[in-house]
Amino acid sequence: MKNKIAICPGSFDPITNGHVDIIERASKIFDKIFIAVLENPDKESFFSLTERLRLVKSSVSHLKNIEVESFHGLLVEYARRVSAKAIIRGLRAVSDFEYEFQMALTNRKMDAELETIFFMTDHKYSYLSSSYVKQIAVLGGDIKDFVPPAVLKKLKGGKKQ
Ligand code: ADP
């Protein structure tokens, strides 16, 4: 396959070291990855879309083949727009499986050419989630091992943006 393009969609509310690890590994396999930050007016996020985009951009700035964009609507349409042939997702515990399985099959039904590719979490991040990080930060705990520097700076003090 030439010019292998993938999308990596998510809420990234906020981006964690678990996300960054997956993006770094995927960036070695694909020529270009579009990180698609979900704009979902129905789901209240901790950080605004603008802030989530800024934090993702600053956390992956060391990778040259990554673009960060917001998206709303159907993922398969976004993938077509950027000529992506794959969706990258991460898998942590078995608990992720059911949701990811359903989403992968639904997207395949809508576009049979679009493959979902799963990256197994690094064991260091297997328990790590954006919601876990937010809870710890709000309660004043130390999150420096869990998030990139820009997110740490933003979450220090546990303030909602
Ligand atoms: P969504 O709201 O779409 O689940 P998230 O930002 O929570 O978006 O997650 C995006 C993707 O990153 C998902 O596939 C999720 O399973 C994966 N992910 C999140 N945290 C980790 C982690 N610690 N290790 C591996 N994958 C992760």
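# Exercises on burial, backbone and salt bridges

F101 has a relative accessibility of 42% and therefore counts as partly exposed (buried means under 20% relative accessible area, exposed over 50%, partly exposed in between, with a 1.4 Å probe and protein chains only). The model is predicted, so local features need pLDDT of at least 70 and side-chain atom pairs count only at pLDDT 80 or more, whereas totals for chains, interfaces and linings use all residues. Residues are numbered from 1 along each chain as its sequence is written, and side-chain values use heavy atoms, with hydrogens and water left out.

**Exercise 1.** Place F101 in its helix and state which residues make a nonpolar surface patch with F101.

*Solution.*
- Step 1: F101 belongs to helix α4, residues 94-110. Helices (H or I, at least four residues) and strands (E, at least two) are DSSP runs, numbered from the N terminus.
- Step 2: V94, F97 and L105 make the patch together with F101, and its area is about 410 Å². Accessible areas come from the Shrake-Rupley method with a 1.4 Å probe, and for residues only the protein chains shown count as cover.
- Step 3: Patch residues have over 30% relative accessible area and no salt bridge; nonpolar side chains (Val, Leu, Ile, Met, Phe, Trp, Tyr) are joined within 5 Å, like charges within 9 Å.

**Exercise 2.** Find the buried residues of helix α5 and explain why they lie on the same side of the helix.

*Solution.*
- Step 1: Helix α5 spans residues 130-138, and its buried residues are S130, V133, K134, I136 and A137.
- Step 2: These residues cover an arc of only 165 degrees around the axis, so they lie on the same side of α5. The arc is that of the directions from the helix axis to the C-beta atoms.
- Step 3: Among the elements that cover these residues are α1 (17-27) and α6 (149-155); contact means heavy atoms within 4.5 Å.
- Step 4: Take S130, whose relative accessibility is 15%. Leaving aside residues up to four places away in sequence, S130 touches D13, P14, T16 and H19.
- Step 5: Just after α5, the backbone at G140 has a positive phi of about 85 degrees.

**Exercise 3.** Inspect the loop between β1 and α1 at F12 and P14, and list the backbone features there.

*Solution.*
- Step 1: As background, most residues other than glycine have a negative phi, and most peptide bonds are trans.
- Step 2: F12 is not a glycine, yet its phi is positive, near 50 degrees. F12 is buried, at a relative accessible area of 4%.
- Step 3: The contacts of F12, not counting residues up to four places away in sequence, are H19, I23, I35, A36, V37, R52 and V56.
- Step 4: The peptide bond between D13 and P14 is cis, with omega about 0 degrees.
- Step 5: For comparison, turn to S83 in the loop between α3 (75-81) and β4 (86-91). S83 also has a positive phi without being a glycine, about 60 degrees, and S83 is partly exposed at 44%.

**Exercise 4.** Work out how strand β2 is paired with β1 and whether β2 is enclosed or open; then do the burial count for α1.

*Solution.*
- Step 1: β1 (residues 5-10) and β2 run parallel and are joined by six bridges; two strands pair if DSSP finds at least two bridges between them. One of the bridges puts A6 opposite I33 of β2.
- Step 2: In β2 (residues 32-38), five of the seven residues are buried, so the strand is largely enclosed by the rest of the structure.
- Step 3: In α1, eight of the 11 residues are buried, including V20, I22 and I23. Their cover includes β1, β2, α2 (49-59), β3 (66-71), β4 and β5 (115-120).

**Exercise 5.** Locate the salt bridges of K134, D21 and E100, and state which parts each one joins.

*Solution.*
- Step 1: A salt bridge is a side-chain nitrogen of Lys or Arg within 4 Å of a carboxyl oxygen of Asp or Glu. The structure holds 10 of them.
- Step 2: K134 pairs with D13 at 3.3 Å, N to O. K134 is in α5 and D13 in the loop between β1 and α1, so the pair ties together parts 121 residues apart in sequence. K134 is buried at 15%, and D13 is buried at 8%.
- Step 3: D21 pairs with R25 at 2.8 Å, N to O. Both residues lie in α1, four residues apart, about one turn of the helix. D21 is buried at 12%, whereas R25 is partly exposed at 27%.
- Step 4: E100 pairs with R89 at 2.8 Å, N to O. E100 is in α4 and R89 in β4, so this pair ties together parts 11 residues apart in sequence. E100 is buried at 5%, and R89 is buried at 15%.
- Step 5: A network of salt bridges links E51, R54 and K154.
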